[in-house]
Amino acid sequence: METLKNAGDVLFVLLGAIMVLAMHSGFAFLELGTVRKKNQVNALVKILADFAMSTIAYFVIGFGIAYGTSFLVGADQLLEKNGFELVKFFFLLTFAAAVPAIVSGGIAERAKFNPQLAATFLIVGFVYPFFEGIVWNDRYGVQAWVEAVAGAKIHDFAGSIVVHAVGGWIALPAVLLLGARRGRYHKDGLISAHPPSSIPFLALGAWILAVGWFGFNVMSAQAIDKISGLVAVNSLMAMVGGTLVALAAGRNDPGFVHNGPLAGLVAVCAGSDVMHPIGALVTGGVAGALFVYMFTFTQNRLKIDDVLGVWPLHGLCGAWGGIACGIFGAKALGGLGGVTLGAQLIGTGLGIAVALVGGVAIYGLLKATVGIRLDPEQEFMGSDLSLHKISATAERDVAW
């Protein structure tokens with residue numbers, strides 16, 4: 001029976017890993033549809049290359065920092081419990097690789113390619129697993145201290161803080177250090193719109209992400225006997241809440257409509273296992289509004305050229321999700337309890353701090369040494385021709 005249980009857990013986690021791996025194609029198409037046509041190929045290449053670099057960094061360094069496990073042993077040891085530790089690595093790798101995929105959307109259209117690969121290695125190898133280990137593996141004694149101070153440990157079932165807030169807050173200094181795309185903001189105060197190149201591809205990316213998210217959240221149980229229908233329905237309700245509020249607040253804008261469900265799903269990750277579905281609906285709705293208004297505010301008022309709005313979508317909605325877990329996870333509001341608002345505030349603040357320090361250090365170092373921005377001519381031509389020597393519509397480049 002134990003062998004059958006181990007095999008079932010391996011299959012369960014493997015299916016989750018495959019679903020979240022599929023989400024990375026969603027990241028790619030969401031970015032492809034949002035950037036201008038001259039940067040579409042680069043969006044696709046970046047996500048795949050970043051995933052490959054993340055795999056190496058997490059296998060060799062990151063997973064060991066977070067969980068104390070080394071894979072530099074014989075294959076016979078790796079096969080223990082049907083290789084569960086290996087598929088756990090695969091599953092958690094897909095989470096880790098989401099962080100540079102998030103950053104990619106913010107720095108699109110003007111970032112150098114190779115320095116970003118180096119940043120991916122450093123983020124996934126060191127910064128992300130350091131905080132991941134604190135929250136998900138009780139490393140460094142932080143959770144025990146938080147429990148003593150706030151009455152509960154930091155609760156983040158599927159990564160509102162660990163993945164999304166960290167990714168969004170790493171992206172913020174990267175975007176600021178890069179500066180806005182040339183021609184985006186004018187000295188007279190006018191703003192060039194730079195509209196999405198393909199709403200269908202943007203929508204496809206959003207749909208792939210939304211579907212894969214049910215693997216992201218539900219399979220975070222990491223054992224088949226811990227699977228929870230509550231997590232599935234809470235994810236659904238948050239997705240719906242984010243969609244409808246973004247539809248209303250964004251006045252039918254398709255970019256907001258298709259990012260609304262993602263905002264809701266980002267926010268519900270942390271508390272999806274402890275909230276009541278109504279609490280999840282409210283959490284997602286607040287996230288949908290937060291994304292629409294803060295995307296508009298950062299782009300138009302603060303003039304922060306965050307191309308896909310990854311700081312509002314992942315950074316702010318992820319932080320809101322961490323806090324919302326402490327609110328709607330409470331028994332008084334229909335939740336299962338076992339969480340406190342104080343612990344969630346500490347955990348959210350700690351995640352933001354780690355991400356900001358890591359983001360400033362990595363992108364500041366790269367900017368000072370090798371540079372992180374394309375030169376003006378390359379940016380004008382677009383990343384596709386400058387870096388990959390081909391455009392997404394190559395037939396237009398041939399003059400017979």
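The largest pocket of this predicted model holds about 620 Å³ of space, where a pocket is an open set of points on a 1 Å grid over the protein atoms alone, with a 1.4 Å probe fitting at the points and protein on both sides within 12 Å along at least five of seven lines. Its volume is the space filled by probe spheres set on the points, which are joined across faces, edges and corners. Residues are numbered from 1 along each chain as its sequence is written, and side-chain values use heavy atoms, with hydrogens and water left out. Local features need pLDDT of at least 70 and side-chain atom pairs count only at pLDDT 80 or more, whereas totals for chains, interfaces and linings use all residues.

Thirty residues line the largest pocket, and Trp136, Phe157, Ser220, Ala221 and Gln222 lie nearest its centre; a lining residue has an atom within 4 Å of a point. Helix 4 (84-96), helix 1 (2-34) and helix 6 each supply at least two residues of this lining, with the largest share, five residues, coming from helix 4; helices here are DSSP runs of H or I with at least four residues, numbered from the N terminus. By class, the lining divides into 15 nonpolar, seven polar and eight charged residues, with Ala, Val, Leu, Ile, Met, Phe, Trp, Tyr, Cys and Pro counted as nonpolar, Asp, Glu, Lys and Arg as charged, and the others, Gly among them, as polar.

The second largest pocket has about 430 Å³ of space, and of the 19 residues that line it, Ala193, Pro196, Phe256, Phe295 and Val307 lie nearest its centre. Helix 11 (254-268) and helix 12 (277-301) are the elements that give two or more residues to this lining, and helix 12 gives the most, with five.

Turning from pockets to packing, the largest nonpolar core has 109 residues, and Tyr58, Ile170, Trp213 and Phe216 have the most contacts inside it. Such a core is a set of buried Ala, Val, Leu, Ile, Met, Phe, Trp, Tyr and Cys residues joined through side-chain atoms within 4.5 Å, and buried means under 20% relative accessible area with a 1.4 Å probe and protein chains only. Leaving aside residues up to four places away in sequence, Tyr58 touches residues including Phe63, Tyr67, Phe89 and Glu132, contact meaning heavy atoms within 4.5 Å.

Alanine 111, in the loop between helix 5 (98-106) and helix 6 (113-136), counts as buried because its relative accessible area is 11%. Beyond four places in sequence, alanine 111 touches Leu178, Ile372 and Leu374, and its C-alpha atom is separated by 8.7 Å from that of glutamate 379, 268 residues apart along the chain.

Terms used. Buried means under 20% relative accessible area, exposed over 50%, partly exposed in between (1.4 Å probe, protein chains only).
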